[in-house]
Structures are given as C-alpha cells and as structure tokens.
Amino acid sequence: MFLLSVCSIFDVLCTGNKGEQFIVELQNRSQLYVKDRFLYYMARAIDKQGVKGRDWNFSLCPVYGIFLLNFVLPPVPRLRTDVALMDMDTGEQFSDRMRMIFLQLPLFSKKEEACETNLDKWFYILTRMDTLERMPWKAQKAAFEKLMERAETANFTPEEQARYEAQLDAYRVMNSAMEKSKQEGEKKKALEVAFALKQRGLDTAFICEISGLSPAEIDNL
C-alpha cells in the first residue's frame with residue numbers, strides 16, 4: 001500500500017488477497033480534465049497487469065477506483081455515483097474488471113445524530129475535519145487516527161518516500177502551470193477590457209480602477 005498526502009489530498013494504492021487493485025483518492029479541489037485523470041489511473045492499473053511472454057492469456061484482476069471528492073463532479077449531482085462498463089442498449093454489465101465509485105462530499109448534509117451507518121459517520125468526519133472540536137464515535141476516532149498516522153512521511157519506507165517525493169514534485173509542477181495559465185488568462189482579459197475602454201476615450205484613472213492595470217500598461221495599449 002502507498003499513501004500520498006499533499007494539500008489535503010490522499011492517494012491510496014493497494015492490492016487485495018486475490019490480486020484485485022484498489023485506488024482510493026481524496027481530492028480536495030477540481031482540476032482540468034479531472035475525469036480523464038481518473039480514467040488514466042484506472043487504465044494504468046490495468047496495463048500494469050500485463051505479463052511478458054507467451055503464457056499470459058490476458059486474464060485480468062479487477063480494478064476498483066474509489067474517489068472521494070470535496071467538490072461536485074458535473075453533470076452528476078449525487079452523493080454516490082457508480083461507473084462501470086455497461087452495454088448501452090441493455091444496461092447489462094459488460095465486464096466486472098473496472099469499476100469507479102465517486103463520493104461527492106459537499107452533497108452530504110446529515111447531522112451527527114442522523115448518522116447511523118459507518119459510511120455516514122465517515123462522511124460526517126471527512127466533511128468536518130477543519131471544524132470538529134471533538135472526534136465523534138470512539139471506534140471511528142481510532143481508525144481515523146491510524147489513517148493520519150500512516151500518512152506521515154516519517155513512516156514511509158525508502159521506496160515510498162521516493163514515490164512520495166516524485167508525486168509531490170509532479171503535483172507542484174502541475175499546480176504552478178495551472179496557476180500561470182490562469183494568471184495569463186486573467187491578464188489577457190484585463191488588457192482587452194482596458195483597450196476597449198481606452199478606445200471609447202475614458203479616463204485613464206477610471207480604466208485603472210476597472211481593469212486593475214497600471215497607468216503605464218494602459219498608456220502602452
């Protein structure tokens with residue numbers, strides 16, 4: 001099992017007793033092409049099962065993806081969404097070798113006293129981690145503390161630490177690229193607005209206030 005903790009994101013990759021693969025991810029915020037990324041994770045876990053040589057007959061172990069999202073995944077506003085390979089005409093399952101379960105935490109609204117099942121209790125804890133003054137349900141507290149303990153990088157093996165650092169670097173690069181792209185898009189839009197206002201003969205100070213640009217930037221338009 002490998003667990004990654006970055007900016008309230010946890011990725012758990014593990015293998016069951018029968019070879020089945022489990023991908024569990026707690027994703028704090030949406031990203032570009034987030035659905036494609038989930039599919040990529042699933043496809044990569046399936047691809048890694050390929051065996052070199054003549055004896056492999058393409059027999060695969062199931063791969064399950066469990067994605068806990070701190071945002072709503074459009075266009076499906078449901079707390080739980082199951083995705084599998086299905087026949088589009090009959091609705092029957094085509095293969096049981098890939099299944100994704102999406103749990104959209106913002107859609108969970110039960111209060112503490114209304115939580116009866118273990119799943120409800122875990123949802124309650126996960127959606128209130130930043131505001132809980134006490135940890136409800138003693139049994140869940142022990143299990144949750146074990147999860148947090150496992151997330152500490154100090155407990156990683158050298159191999160896990162290397163994988164953690166590699167994924168952390170990739171995460172930072174991706175976030176930096178996304179932030180740069182966002183900033184460039186906002187700057188371009190501000191320049192377009194300022195240019196249009198300048199063409200209308202409006203005062204530079206007014207354009208600065210509306211666009212957030214400096215007088216020098218407006219003068220250069």
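**Strand pairing, nonpolar cores and aromatic pairs**

In this predicted model, strand E5, which spans residues 80-86, runs antiparallel to E6 and is joined to E6 by seven bridges. Within this pairing, Asp 82 is placed opposite Ile 101 of E6. The two strands form a hairpin in which six residues lie between E5 and E6, and the turn includes Gly 91, whose phi is positive at about 80 degrees.

Strand E6 also takes part in the largest nonpolar core, which comprises 14 residues; the members that touch the most others are Ile 23, Phe 38, Met 42, Phe 67, Leu 69 and Phe 102. Two or more residues of this core are contributed by each of helix H1 (34-47), strand E4 (63-69) and strand E6 (93-104), and the largest share, five residues, is that of H1. Apart from this core lies another, of ten residues, which includes Leu 26, Leu 103, Cys 115 and Tyr 124. When neighbours within four places in sequence are left aside, the contacts of Leu 69 are with Gln 27, Phe 38, Phe 102, Leu 103, Gln 104, Leu 105 and Pro 106. Among the residues in contact with Leu 69 are thus Phe 102 and Leu 103, of which Phe 102 is listed in the largest core and Leu 103 in the ten-residue core. In soluble globular proteins, nonpolar side chains tend to be buried together.

Six aromatic pairs are present in the structure. One of them is formed by Trp 56 and Phe 58, whose rings are tilted, with a centre-to-centre distance of 4.7 Å and an angle of 40 degrees between the planes. Trp 56 is partly exposed, at a relative accessible area of 25%, whereas Phe 58, at 63%, is exposed. For Phe 67 and Phe 102, the ring centres are 5.3 Å apart and the planes stand at 25 degrees, so this pair is stacked, the angle falling under the 30 degrees that serve as the cut-off for stacking. Because Phe 67 belongs to strand E4 and Phe 102 to strand E6, the pair ties together parts that are 35 residues apart in sequence. Both rings belong to buried residues: Phe 67 has a relative accessibility of 0%, and Phe 102 has a relative accessible area of 6%. Ring pairs further link Phe 67 and Phe 102 with Phe 38 into a cluster, and these three residues are listed among those that touch the most other members of the largest nonpolar core.

Technical notes: Residues are numbered from 1 along each chain as its sequence is written. This is a predicted model: local features need pLDDT of at least 70, side-chain atom pairs count only at pLDDT 80 or more; totals for chains, interfaces and linings use all residues. Side-chain values use heavy atoms; hydrogens and water are left out. A nonpolar core is a set of buried Ala, Val, Leu, Ile, Met, Phe, Trp, Tyr and Cys residues joined through side-chain atoms within 4.5 Å. Buried means under 20% relative accessible area, exposed over 50%, partly exposed in between (1.4 Å probe, protein chains only). Helices (H or I, at least four residues) and strands (E, at least two) are DSSP runs, numbered from the N terminus. Contact means heavy atoms within 4.5 Å. Two strands pair if DSSP finds at least two bridges between them. Rings of Phe, Tyr and Trp (its six-membered ring) pair if their centres lie within 6.5 Å; planes under 30 degrees apart count as stacked, over 60 as edge-to-face and the rest as tilted.
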